[in-house]
Amino acid sequence: MKYLFILFLFLISCNQTKEFSDIDKEVDDILKSMTLDEKVGQMTQINLTVIAKGPNKWSSSFPLEIDHKKTKKAIVDYKVGSVLNTINNTAQKPKVWFKTISDIQSYAIDSTKMKIPIIYGIDAIHGTTYTDGATMFPQQITTAASWNPENAYNMAVVCAYETRASSIPWNFSPVLDLGLDPRFPRQFETFGEDPLIVERFGDAMIKGYQGDKNDISNKYNVAACMKHFVGYQAVISGKDRTPAYIPDNVLSEYHIEPFKKAIESGAKTIMINSGLINGVPVHADYNLMINVLRNKLGFQGVILTDWEDIRKLHDRDKVAKTQREAIKIAINAGIDMSMVPYEYEHFIKNLKSLVEEGEVSIERIDDAVKRILKLKLELDLFNNPVTNYEEYDDFGSKKHHELAYKSASESITLLKNNDDILPLKGKPRILVTGPNGNNMRTLNGAWTYSWQGELTDDFAGEYNTIYESIRNTYGSSNVKYIPGVSYRKGANYYEMDEIDIQKVVNEARRSDYIILCLGENTYTEKPGDLNDLNIHRLQSKLAIELSKTGKPIILILNLGRPRLISDIEPLMSAVVNVYLPGNFGADALADILSGKVNPSGKLPYTYPAYPNSLLPYYYKPSEVQNNAQGAYNYVGEVNNLYDFGYGLSYSDFKYSKLSVNKDTFNIDENINIEVSITNDSDVDGYETVQLYSSDLYASITPDVKRLRDFKKIHIKSGEAKTVSFSLPVSELEFYNINNSPVVEEGKFKLSINTFTKEIYIK
Ligand code: BGC
């Protein structure tokens, strides 16, 4: 029997090898017949507006239609191989996508000699962003707060399905950046500040997108695109696409690990960081793209630029004297496809002449084109160039909506609950107020029906705002909404107006509870840059005025990054962070407020208290220095409002009996750790057990602690459970000053909750 099984495995592996070599052979055959024009065309990606009907290449007219002349020029004459995005940043119906992509494919397939289908790419980052009717999940940061990677997997499975239902096979997701800076405008697109969480959730998304068997020819899977390689959010200024200075060992230790894991899982494509590290724009960095990504991490897939980033080597970063030189630098540094996405004629002509004049080798071009052709073959685009929405009955289905609701309900994080004020039972009189209380836009964040998310209320009317969900739960005669302050229409996302604070205060006096919904309007990338991390002063004003009524206030935070609320937080009876929970977030929140759902989310980032103390939880000991003589108070201590990993429950979990199987371990051993948790309350609940380690002394200053594993478990009222972890000693490694991973001999501390154990590694 055993031998039969081995024979079976052998046959499977032969079959796979055959399949792979078949594709490689096909790639070689196609490549042999291609001209240089055809090759550089394949390396070019253009924006849909460039070939859609409309006034110019930057904007199109509605309804979306392909323009014959423009498309013929790009796809047939210039042989462009890829198209991205939507028109004018607006979501389209699946039917429109089907027609659009079918039209483009017919140019590529029927009117060119090589008949190579185009590959269409899109940003579908928490659901299928640019498709009307798609299921919008919580954003990645919210998903991470569930501490349950299954939610990331579900989101990716649904998103792959609905993206394919929109005829699109390639998704620029997941974001594997480390979201360690609350000032950065894209922290909400990440899984937060911890490398292990980013790695586990990122991996779950790759599997969800590409399928458990990593078969992207399957019409329910898409090719994933990990982004943005690498170190994108670790900038000095906190602003998008500004300089970062990151030593190699720090890059390896925190930023590269999640990409490494996703590559092992077979992620097909990668997008490069639009910024610069140590003065080198990453799009010009041969070391990062070739030495690290290709040679060290073994990535075989397509390397794509981010938006206009080759052009920026000349225009913005000044490392190339001309556009032509910019192309030469980027392609020689390892770029396979350029998201041009407008001036494609220049890109194609320049790249062609660079090859003809020997400045870019034909081998480099062939290498890039092979990877692109292989991706197209793996997606089976030659046989199925366009998937048809009519074959996707589950698009926007109840089944998909339920998964989005589940994710939101497991993510929402209870941060404060004085005197167990929550849940709110019975039928109290509730005043809902604040700028985030009655719209779908702020619940979803950016990348929802449009890039900046400003159109959400036009598309998501059928879902509930916070006010609507609370009204549905507590009855319309008991619930009122008055905004107090609001985001200014058509202005920068952060501008606000005072509307009717006095009216809110008057109504508050007649209410039993105030549900104050504060946070941020939607933004991403450069438009989301921030000068002041404090929550807008008008929002603080509303909170302060309401607190004077003496009525209990439940603060709902609806934001993409932790804005500072230290001045108003003490005035709140309860604080609930919903982050950006998507179209079903308000329903999940109402269920938590009423006690139907017991909250179980935990912060995937450190919630800072002060603007000059912005540190992830894995800071170095010198961040906290106390004066031994006690004569002075030192400023600069780590003073968080709420710690990473923090979140309350309606249950009361008591930890006890932390044990480790022995005291001393060799490098090749596993450490077995156990802890007991009792639910000492009358409510069933979920608890996330977090295992941390601290290296006590090391050749470079160790982090105060690092998350090594976590498990989210259900514990019934009165029940006790034992949770076990098996931690390979090798996972205690860090990258030393020579950028080599090492576990150094010495003492380590393991901790779970408030319990610790010291062990020795030989
Ligand atoms: C963003 C990417 C995105 C690309 C395509 C860029 O500006 O940085 O994350 O995938 O646009 O829309």
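This talk walks through selected features of one structure, from a sheet and a ligand site to a few unusual backbone positions.

Good morning, colleagues. Please keep in mind throughout that the model is predicted.

I begin with the sheet. Eight strands, or 8 in figures, form an open sheet with parallel pairing, and their order is E9-E6-E5-E4-E3-E2-E1-E10. Its edge strands are E9, residues 302-304, and E10, residues 338-339, each of which pairs on one side only. In general, strands of a sheet pair through backbone hydrogen bonds, either parallel or antiparallel. At the E10 end, strand E1, residues 44-47, runs parallel to E10 and is joined to it by 2 bridges. One of the residues involved is threonine 44, whose bridge partner in E10 is serine 338.

I turn next to the ligand. Which residues surround the ligand? They are Leu84, Asp123, Phe172, Arg186, Lys227, His228, Arg241, Met271, Asp306, Trp307, Met339 and Glu525. By character, this shell divides into 5 nonpolar, 1 polar and 6 charged residues. Three charged side chains deserve mention here. Arginine 241 places a polar side-chain atom 2.9 Å from an oxygen atom of the ligand. For aspartate 306, the distance from a polar side-chain atom to a ligand oxygen is 2.6 Å. Glutamate 525 has a side-chain N or O atom 2.6 Å from an oxygen atom of the ligand. On its own the ligand has 310 Å² of accessible area, and the protein covers 95% of that area.

Let us now consider another part of the chain. Strand E11, residues 413-417, is mostly covered, with 5 of its 5 residues buried. It runs antiparallel to strand E18, residues 574-577, and 4 bridges join the two. Within this pairing, asparagine 417 has alanine 574 as its bridge partner.

Alanine 574 appears again among the contacts of leucine 555, a residue of strand E17, residues 553-558. Is leucine 555 buried or exposed? Leucine 555 is buried, because its relative accessible area is 0%. Beyond its sequence neighbours within four places, leucine 555 is in contact with Leu516, Leu518, Ile565, Met572, Ala574, Val575 and Val576. Leucine 555 and serine 573 are 18 residues apart in sequence, and their C-alpha atoms are 7.8 Å apart in space.

A charged residue offers a further example. Aspartate 709 sits in strand E25, residues 706-715. With a relative accessible area of 14%, under the 20% limit, aspartate 709 therefore counts as buried. Its side chain makes a polar contact of 2.9 Å with the side chain of arginine 200. Arg200 is also one of its contacts beyond four places in sequence, which include Leu196, Val689 and Phe725.

Finally, I address the backbone. Most residues other than glycine have a negative phi, and most peptide bonds are trans. The bond from phenylalanine 62 to proline 63 is cis, with omega near -10 degrees, and proline 63 lies in the loop between E1 and helix H3. The bond from valine 340 to proline 341 is likewise cis, with omega near -25 degrees; proline 341 lies in the loop between E10 and helix H12.

Two residues other than glycine have a positive phi: serine 167, near 70 degrees, and tryptophan 447, about 55 degrees. Serine 167 is in the loop between helix H6 and strand E4, and is buried at 2% relative accessibility. Tryptophan 447 lies in the loop between helices H15 and H16, and is buried with a relative accessible area of 4%.

Thank you for your attention.

Key:
Residues are numbered from 1 along each chain as its sequence is written. This is a predicted model: local features need pLDDT of at least 70, side-chain atom pairs count only at pLDDT 80 or more; totals for chains, interfaces and linings use all residues. Side-chain values use heavy atoms; hydrogens and water are left out. Two strands pair if DSSP finds at least two bridges between them. Helices (H or I, at least four residues) and strands (E, at least two) are DSSP runs, numbered from the N terminus. A residue is near a molecule or strand if one of its heavy atoms lies within 4 Å of it. A polar contact is a pair of N or O atoms within 3.5 Å; within protein, one must be able to donate a hydrogen and the other to accept it, and residues adjacent in sequence count only if both atoms are side-chain atoms. Accessible areas come from the Shrake-Rupley method with a 1.4 Å probe; for residues, only the protein chains shown count as cover. Ala, Val, Leu, Ile, Met, Phe, Trp, Tyr, Cys and Pro count as nonpolar, Asp, Glu, Lys and Arg as charged, and the others, Gly among them, as polar. Buried means under 20% relative accessible area, exposed over 50%, partly exposed in between (1.4 Å probe, protein chains only). Contact means heavy atoms within 4.5 Å.
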